[in-house]
Amino acid sequence: QVQLVESGGGLVQAGGSLRLSCAASGRSFSSYTMGWFRQAPGKEREFVAAISASGGSTNYADSVKGRFTISRDNDKNTVYLQMSRLKPEDTAVYYCAADETITTTQRMGAMIGRGYDYWGQGTQVTVSS
């Protein structure tokens with residue numbers, strides 16, 4: 001089991017920046033693919049970004065590419081999402097997720113937002129225009 005706790009959300013003006021953190025407890029954090037997702041009011045949850053277990057590979061949704069950066073610190077059991085040039089359409093609850101990656105197929109799926117096993121409670125990000 002992995003417990004995930006997000007922090008760092010808040011209210012920011014358009015064009016501003018925020019950094020989200022996700023602290024993980026439990027074993028084997030360094031073996032998990034980690035992802036960030038978001039859900040805006042009235043919309044389905046969508047994939048934002050993913051990072052491989054080693055941190056060597058990342059993937060982003062087109063809507064955030066070039067503005068958001070995902071990173072991780074395996075010594076601190078933490079994954080981050082640095083968000084820059086924020087837009088009002090980035091307003092959503094942001095969720096951290098972990099995938100207990102075992103096979104190559106699972107890893108490839110997790111890198112595009114599929115098959116995550118554990119989820120945090122979410123943190124609200126509101127971008128004002």
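The following exercises, with worked solutions, concern a predicted model.

**Exercise 1.** Determine where methionine 34 lies and whether methionine 34 counts as buried or exposed.

*Solution.*
Step 1. Locate the residue: methionine 34 belongs to strand S4, which covers residues 33-39.
Step 2. Recall the cut-off: a residue is buried when its relative accessible area is under 20%.
Step 3. Apply the cut-off: methionine 34 counts as buried because its relative accessibility is 0%.
Step 4. Place the residue in the core: the largest nonpolar core has 37 residues, and Met34 is listed among those with the most contacts inside it, together with Leu4, Trp36, Leu81, Met83 and Tyr94.
Step 5. Relate this to a broader tendency: nonpolar side chains in soluble globular proteins tend to be buried together.

**Exercise 2.** Identify the strands that pair with S8, and state which residues stand opposite valine 79.

*Solution.*
Step 1. Consider strand S3 (residues 18-26): S3 runs antiparallel to S8, and six bridges join the two. Within this pairing, cysteine 22 stands opposite valine 79 in S8.
Step 2. Consider strand S7 (residues 68-73): S7 also pairs with S8 in the antiparallel sense, over six bridges. Here arginine 72 stands opposite valine 79.
Step 3. Examine the connection between S7 and S8: this hairpin has four residues between the strands, and asparagine 77 takes a positive phi near 55°.
Step 4. Assess the surroundings of S8 (residues 78-83): five of its six residues are buried, and therefore the strand is largely enclosed by the rest of the structure.
Step 5. Inspect the contacts of leucine 81: this residue touches, among others, Leu18, Leu20, Phe68 and Ile70, as well as Trp36 and Tyr94.

**Exercise 3.** Establish which backbone nitrogens the side chain of glutamate 6 reaches, and how far away the nearest side chain of opposite charge is.

*Solution.*
Step 1. Locate the residue: glutamate 6 is part of strand S1 (residues 2-7).
Step 2. Search for a charged partner: glutamate 6 is buried and has no salt bridge, the nearest side chain of opposite charge being that of arginine 45, 8.5 Å away. A salt bridge would require a distance within 4 Å.
Step 3. Turn to the backbone: the side chain of glutamate 6 reaches the backbone nitrogen of cysteine 96 at 2.8 Å and that of glutamine 121 at 3.1 Å.
Step 4. Complete the environment: the residues that glutamate 6 touches include Ser21, Cys22, Trp36, Tyr94, Gly120 and Thr123.

Definitions and conventions
Residues numbered from 1 in each chain as written. Predicted model: local features only at pLDDT ≥ 70, side-chain atom pairs only at ≥ 80, totals over all residues. Heavy atoms only, no water. Buried < 20%, exposed > 50% of the residue type's maximum accessible area, 1.4 Å probe, protein only. Pairing = 2+ DSSP bridges. Lys, Arg positive; Asp, Glu negative; His and termini not counted. Polar contact = N/O pair within 3.5 Å; in protein donor to acceptor, adjacent residues only side chain to side chain. Contact = heavy atoms within 4.5 Å. Core = buried A, V, L, I, M, F, W, Y, C linked by side-chain atoms within 4.5 Å. Lists of a residue's contacts leave out its neighbours within four places in sequence.
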